[in-house]
Amino acid sequence: MSDMRTLGEFIVEKQHECPSVSGELSSLLSSIRLAAKIVNREINKAGLVDIIGASGNENAQGEQQQKLDVYANEKFKAAMAARDQVCGVGSEEDDDVVIFSEKHGPNAKYVILIDPLDGSSNIDVNVSVGTIFSIYRRVSPLGQLATMEDFLQPGNKQVAAGYIIYGSSTMLVYTTGNGVHGFTYDPSIGVFFLSHENITILNKGSIYSINEGNYITFPKGIKQYLKYCQENKPEDNRPYTSRYIGSLVADFHRNMLKGGIYLYPSTATYPSGKLRLLYECNPMSFIMEQAGGKASDGKQRILDIKPIALHQRVPFFVGTTDMVKKIEEFLERNSD
Ligand code: AHG
Ligand code: MN
Ligand code: MN
């Protein structure tokens, strides 16, 4: 290992370097790190203990909850509740936001929005899953309970965002608006080490990731774009490559490191796209822009959308800037 800096040390180092990162934000990131280790431990045991499969319940959006969805949701919320920095949590797995009214809740500065377990249909088959988080400074006055207004802020107001990928190795990747940094977990000593400092996405990409099973009901512009990828070659003169895991975190992580685009357009089942603005699109868009890429709903920058509902969904196109721009062109030229 070339760099012996740990996530904990790096957070403190950055806190001194950039005034936007306060001590409180640093300890909030530390509690995410702790919950990530706990969830990672459980995911690694899937198959041995009774943690795979459906929980028998549905979440706020009528989707089957997996046992690990419920477990991860509880662990991340408990980690937030145990510290003093968070006044409320919005989770993909809960109908409504959870406002912390006890102890330091009313005096805490941050709200957090979270997709505790992303790609949960992949748990049972040993394929990478993740956690996505997004942090905002509250807009309601300190000393009171957090309000909906604190959660429904546009993505451009995020102070930090990140994800954990539970893959062939476990990584935590985050940004506080000063670049994107990745840390790989060493389970033998329970420490995240800095392994990917200042991640940047390539200017040219050759990977496209989309659930092509929905092809028939894609907008015309998306169909045309897919044809374009199949019939053309990117600059290195090899054909485009199609890769789709079905865990946003894993598809995004690969595309950010190798250059590519992830697409979830509107479909018959999901007329506004499937991915959720607050838990999935905003944090991933913040990270992608910080890595030099682009994120769009096909027409506008994801981070400039003013949310109107907690579980709102939007079409999502994220990755290499040129590829996302091309999608926007195709959608504009081929409006249905
Ligand atoms: P989640 O498990 O948090 O509900 O998210 C699943 C999302 C995303 O991770 C993935 O890329 C996408 O849904 C897959 O959807 P399809 O199965 O429709 O392709
Ligand atoms: Mn998800
Ligand atoms: Mn999820």
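So, where is the place of leucine 117? It's in strand 5. Keep in mind that what we have up here is a predicted model.

Let me stay with leucine 117 for a moment. Its relative accessibility is 2%, so we count it as buried. Setting aside residues up to four places away in sequence, leucine 117 touches Val39, Ile43, Leu68, Asp69, Ala72, Glu92, Ile123, Val129 and Gly130.

Now, the metal. Leucine 117 gives its O to the manganese ion, ligand 3, and the other donors there are OE of Glu92 and OD of Asp115, with distances of 2.2 to 2.3 Å. If you like reading that along the chain, the spacing is E-x22-D-x1-L. Glutamate 92 sits in the loop between strand 3 (86–91) and strand 4 (98–99), while aspartate 115 is in strand 5 (residues 110–118), so that pair ties together parts of the chain 23 residues apart in sequence.

Aspartate 115 has a second job to show you: it bridges the manganese ion that is ligand 3 and the manganese ion that is ligand 2, and those two lie 3.8 Å apart. Buried or exposed, then, for aspartate 115? Buried, because its relative accessibility is 0%. Glutamate 92 is buried too. Beyond its neighbours within four places in sequence, aspartate 115 is in contact with Glu92, Gly130, Thr131, Ile132, Tyr279 and Glu280.

What does the record say? An unreviewed UniProt entry has a "binding site" annotation covering Glu92, Asp115 and Leu117. Those residues span 26 positions in sequence, but no two of their C-alpha atoms are more than 9.0 Å apart, so they gather at one spot. Glu92, Asp115 and Leu117 are also part of the lining of the largest pocket.

Okay, away from the metal. How many cavities of 30 Å³ or more does the structure hold? Just 1, and the largest cavity has about 40 Å³ of space. Its lining is Leu7, Ile11, Leu29, Ile32, Phe133, Leu172 and Tyr174. That's 7 nonpolar residues, no polar and no charged. Helix 1 (7–17), helix 2 (23–44) and strand 8 (170–175) each put in at least two of them.

Last stop, leucine 263, in strand 13 (residues 260–264). With 0% relative accessibility, leucine 263 counts as buried. Leaving out residues up to four places away in sequence, leucine 263 touches Tyr208, Ser209, Ile210, Tyr225, Phe316, Phe317 and Ile327. And from leucine 263 to phenylalanine 252 you have 11 residues in sequence and 10.0 Å in space, C-alpha to C-alpha.

Definitions and conventions:
Residues are numbered from 1 along each chain as its sequence is written. Chains are lettered from A and ligands numbered from 1 in the order in which they are written. This is a predicted model: local features need pLDDT of at least 70, side-chain atom pairs count only at pLDDT 80 or more; totals for chains, interfaces and linings use all residues. Side-chain values use heavy atoms; hydrogens and water are left out. On a 1 Å grid over the protein atoms alone, a cavity is a set of points where a 1.4 Å probe fits but cannot get out, and a pocket is an open set with protein on both sides within 12 Å along at least five of seven lines; lining residues have an atom within 4 Å of a point. Grid points are joined across faces, edges and corners, and a volume is the space filled by probe spheres set on the points. Helices (H or I, at least four residues) and strands (E, at least two) are DSSP runs, numbered from the N terminus. Ala, Val, Leu, Ile, Met, Phe, Trp, Tyr, Cys and Pro count as nonpolar, Asp, Glu, Lys and Arg as charged, and the others, Gly among them, as polar. Buried means under 20% relative accessible area, exposed over 50%, partly exposed in between (1.4 Å probe, protein chains only). Contact means heavy atoms within 4.5 Å. Donors are N, O and S atoms within 2.8 Å of the metal (3.2 Å for Na, K and Ca); water is not among the atoms, so sites may look incomplete. UniProt positions are given in the numbering used here, feature names are shortened, and annotations may be inferred rather than shown by experiment.
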